[in-house]
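Here are a few short exercises to work through with the coordinates open. Try each task yourself before you read its solution.

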Amino acid sequence: LNPRMEPAERGLGWVRKIRSKFPLTPLFLIQDPDEGGGAGGMPWSPEHDAADLKRAGVHGVLNKPLRASDLITHAAPLSEDGSVLPSAPPPEDADFIPVVASVLLTRAQSLYDVHLKLASGHFVKVLSSGESLLPEQLSRYREKGVRWFHVRKSDIERSLRACDALAGHMLSQPGAAPAEVAEATLLHGEDVINAMRLCGVGEVQIMQAKAYVSNVERLMQRMLLNHHPALKDVLAQAAMAEHGAGTALVSSLLCEAMEVDSAAAVEVVGLASVLHDVALPLECMAEDESKMPETLRAKYREHPLAGAQLLEGVQGIESSVIHVVRSHHERRNLKGFPVHFGVARVNPLAELVGLADELQHLLLGAAKGENGRRLADLLTHDLLEGFSKGVADAVKAYFLHTLR
């Protein structure tokens, strides 16, 4: 990552994606120390940023010019590994992620504790954070048939939160241009795009969805929302940007399904999709009430009202956008929250954003194999029963026929 060539904030988005998929792969940032780059025009400082970067899952910063010997020193394999990998990793445990053993054949220290799963199903720690596995140790494990080690999910999640915090800090600095914020948001939306592909959405619809989110981002830039005192810190959080972009991507499909085509309505849906959870605590981002303690559940149930109140103080936000934000968790069967509007007062655009919010969680779950792989399979009775018949029928018809 050379900050001169790519906004450092977006680069942290790549760090997050790499670290979430490859927990133990050595990861270094490359920069030119003589050229400004990141937020504020400053390159990474190994002295000041090393601890923050390590918490975010980065092993270190390498300054240009680079020599082959520099790369060998930091990341070259300690021995050749010509073995054939297993055809598929073992299933994930509730608390651990499998990692292929050969990843540990480098000079880089592990940033996390590494565990071995025993035949009994129990896990034992074989390597502590900050240590490296010696080649002879790995050879002994391989002789015993060990092909996979494991890392605690909580350790990886802690790294991802640190990465989000670091990106949010950089994006909140005066040197972070709105375009960089938009690029970071669109990058985060890639997870939902990949999930769409897995669930049968075609490239034409995906291209239209990406264009839609890009248009919403440009609108937000013109409105200077990323610089508004009440919003800039929240919108700079990578997790919030990812969730907002994902919801907007799904909303674009639902606009087509529900034949929402007026410019004003499409604009309301776009802004509300990005801003609908602006007051949602980060701890509630998965929106799974069954896993929330009572104190957090109460905050979660109040976030639509809190978000609407926050947006009421932002010049340029239309009342229709605020209504959608306030109502996106309301359901016509009175099972929603926080006000229980019921049948008469739930706006169809609020239903659209509310359904997009739920669907994007299901899409990401489908990509992980947690439920059906077709979008049509996700449209269960339990999901749609709180929405009006017109919305439910239009969405089912679209996904069952247009995207079959």
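## Exercises on salt bridges and cores

Glu 312 has a relative accessible area of 49%, so it is partly exposed. Keep in mind that this is a predicted model.

**Exercise 1.** Find the salt-bridge partner of Glu 312 and state where the two residues lie.

*Solution.* Step one: the side chain of Glu 312 meets that of Arg 326 in a salt bridge, at 3.1 Å from N to O. Step two: Glu 312 sits in helix H12 and Arg 326 in helix H13 (residues 319–327), so this pair, 14 residues apart, links distant parts of the chain. Step three: Arg 326 is partly exposed too, with a relative accessible area of 21%.

**Exercise 2.** Is Asp 155, the salt-bridge partner of Arg 158, buried or exposed?

*Solution.* Start with the distance: the closest N and O atoms of Arg 158 and Asp 155 are 2.9 Å apart. Next, place them: both are in helix H5 (residues 153–171), and being three residues apart they are separated by about one helical turn. Now apply the cut-off: buried means under 20% relative accessible area, so Asp 155, at 13%, counts as buried. Arg 158, at 46%, is partly exposed.

**Exercise 3.** Which helix gives the most to the largest nonpolar core?

*Solution.* First, look at the core: it has 69 residues, and Met 196, Leu 225, Leu 254, Leu 355 and Leu 359 touch the most other members. Then turn to the helices: helix H14 (residues 348–367) gives the most, with nine residues. Finally, a second, separate core has 22 residues, among them Val 100 and Trp 148.

Notes
Residues numbered from 1 in each chain as written. Predicted model: local features only at pLDDT ≥ 70, side-chain atom pairs only at ≥ 80, totals over all residues. Heavy atoms only, no water. Core = buried A, V, L, I, M, F, W, Y, C linked by side-chain atoms within 4.5 Å. Buried < 20%, exposed > 50% of the residue type's maximum accessible area, 1.4 Å probe, protein only. Helix = DSSP H or I, 4+ residues; strand = E, 2+ residues; numbered from the N terminus. Salt bridge = Lys/Arg side-chain N within 4 Å of Asp/Glu carboxyl O.
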